[in-house]
Amino acid sequence: MSTSKVKDAALAAKGHLQIEWASKHMPVLNQIKKRFTKEKPLKGLTLGACLHVTKETAVLVDAFLAGGARVALCGSNPLSTQDDVAAALAEKGINVYAWRGQSTEEYYWCVEKVIDHKPIVTLDDGADLVGTIHSKRTEALSKIKGGTEETTTGVLRLRAMEKSGTLKYAIVAVNDTYTKYLFDNRYGTGQSTIDGILRATNILLAGKNFVVCGYGWCARGIAMRAKGMGANVIVTEVNPLRALEAAMDGFTVMPIAEASTIGDILVTATGDVSVIRKEHMQKMKDGAIIANSGHFNVEINIKDLEELAVSKRTMRSNLDEYTLKGGKKLYLLAEGRLVNLAAAEGHPSEVMDMSFANQALCTEHLAKTEMSPKVYPVPREIDETVARLKLNAMKIRIDELTSEQKKYLTTWEMGTI
Ligand SMILES: NC(=O)c1ccc[n+]([C@@H]2O[C@H](COP(=O)([O-])OP(=O)(O)OC[C@H]3O[C@@H](n4cnc5c(N)ncnc54)[C@H](O)[C@@H]3O)[C@@H](O)[C@H]2O)c1
């Protein structure tokens, strides 16, 4: 029997339509679902998932059910759940514990509800499920065969656990596949972060100074899309190679201390803490808009902003105005949580199609493989399978190596001719 807790069960009909719309744009996952329906590779498996509860995640859950699994699901961020989708999943009988606008206590209550279902494989986006199992709910460890991790920050946390000897089961780092980070982190975060900023503010980007903190996979996408909208993009970095790449890609590179004096919009996507803090806020222009697209709400130091502010009001949904001493106003989007999920709908379905195809195939891989407690890369065949399925779905054909080329590429004898 389902023991779900969602905001409003009456939203289910709307949620089903949303899921149907997403599914139409997820051909790779649907091809995998078709095979899962026949082969039932996940038969008898209980999956515990801590993922953003969106229409795309619902399509992934469907594929798992088709493969014979049972699923318990909670959100991986207090502000990212799509309540209509959560209601639809609950109506289908999935054990779902998620609603938008949770307190931290409620968020972890939901994570623990998922653990109550005694998962055999865990799926994480940020490693909060693995973290809770290893700290508070160690009794669950004996049943668990392995897990997957969706995002950069989660993989970093898990590698730290592996290094300190605390990781007790195998994790496959889905984030690190080419078909995930190149498309999801870059094109997905790029487009949806701009979408979130526009939905929250409806400002014109053309002609604005748009500061992107970081030049990793996500930030590259954000910078590229902001430039496409006519903004004057400035990048801040700590890594000399990435900074150089940003400069050669045509962006202005400078330290955040300088960028904060000229930025009209400032967006963090670093996976790091306190990237924008008090000393930067003090120098910002009146009216500057600050947003984050990194996993946790730690990239903008919100405590500093609260301390500097003499008053605060909510201007529109996902847009808070902070008035500082002297009257300067700064605007924070989506409480500093990932703006693309909190103020928009997260990545487009076409992008999640590939990320979640990796999730589905990695879960199958974990189900049939014995693995010791380590963080593993995704097998290369899975990455290539996902890329081929996507190309098929896009009706794009590619060349194949001739036998002469295969030989040439694997021998050393032939040089200058
Ligand atoms: N919003 C989303 O939907 C979404 C999607 C995927 C990943 N993420 C999250 O976004 C974050 C970034 O992911 P990524 O894949 O781009 O990581 P990445 O490791 O590719 O890039 C991070 C970059 O930030 C830089 N950096 C670190 N500290 C910095 C600082 N103080 N100032 C400036 N630059 C700094 C690093 O040098 C690096 O180049 C992670 O938290 C990840 O989990 C969010």
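## Two sheets and a ligand pocket

I290 has L332 as its bridge partner in β14. The model is predicted, so to speak of local features a pLDDT of at least 70 is needed, side-chain atom pairs count only at pLDDT 80 or more, and totals for chains, interfaces and linings use all residues. Residues are numbered from 1 along each chain as its sequence is written, and side-chain values use heavy atoms, with hydrogens and water left out.

**The sheets**

The bridge of I290 and L332 brings us to strands β11 (residues 289-292) and β14 (residues 329-333), which pair in the parallel sense over two bridges. Strands here are DSSP runs of E with at least two residues, helices are runs of H or I with at least four, and both are numbered from the N terminus. Two strands pair if DSSP finds at least two bridges between them.

β11 and β14 belong to an open sheet of eight strands with mixed pairing, in the order β9-β8-β7-β10-β11-β14-β13-β12. Its edge strands, β9 (252-253) and β12 (309-316), each pair on one side only.

A further open sheet has seven strands and parallel pairing, ordered β3-β2-β1-β4-β5-β6-β15. Here the edges are β3 (95-97) and β15 (375-376), each pairing on one side only. Within this sheet, β4 (residues 121-124) and β5 (residues 146-149) pair in the parallel sense over four bridges, and V121 has G146 as its bridge partner in β5.

**The ligand**

Which residues are closest to the ligand? They are T151, T152, T153, E237 and S293, out of 27 that surround it (a heavy atom within 4 Å). By type, the shell holds seven nonpolar, 16 polar and four charged residues; Ala, Val, Leu, Ile, Met, Phe, Trp, Tyr, Cys and Pro count as nonpolar, Asp, Glu, Lys and Arg as charged, and the others, Gly among them, as polar.

Three polar contacts (N or O atoms within 3.5 Å) are listed here:

| Ligand atom | Protein partner | Distance |
|---|---|---|
| oxygen | E237, side-chain N or O | 2.5 Å |
| oxygen | R242, side-chain N or O | 2.9 Å |
| nitrogen | S293, polar backbone atom | 2.8 Å |

On its own the ligand has 870 Å² of accessible area, and the protein covers 87% of that (Shrake-Rupley method, 1.4 Å probe). Elements giving two or more residues to the shell are α7 (152-163), α8 (178-201), α9 (217-228) and α14 (339-342). The largest share, three residues, comes from α8.

How values were computed: Polar contact = N/O pair within 3.5 Å; in protein donor to acceptor, adjacent residues only side chain to side chain.
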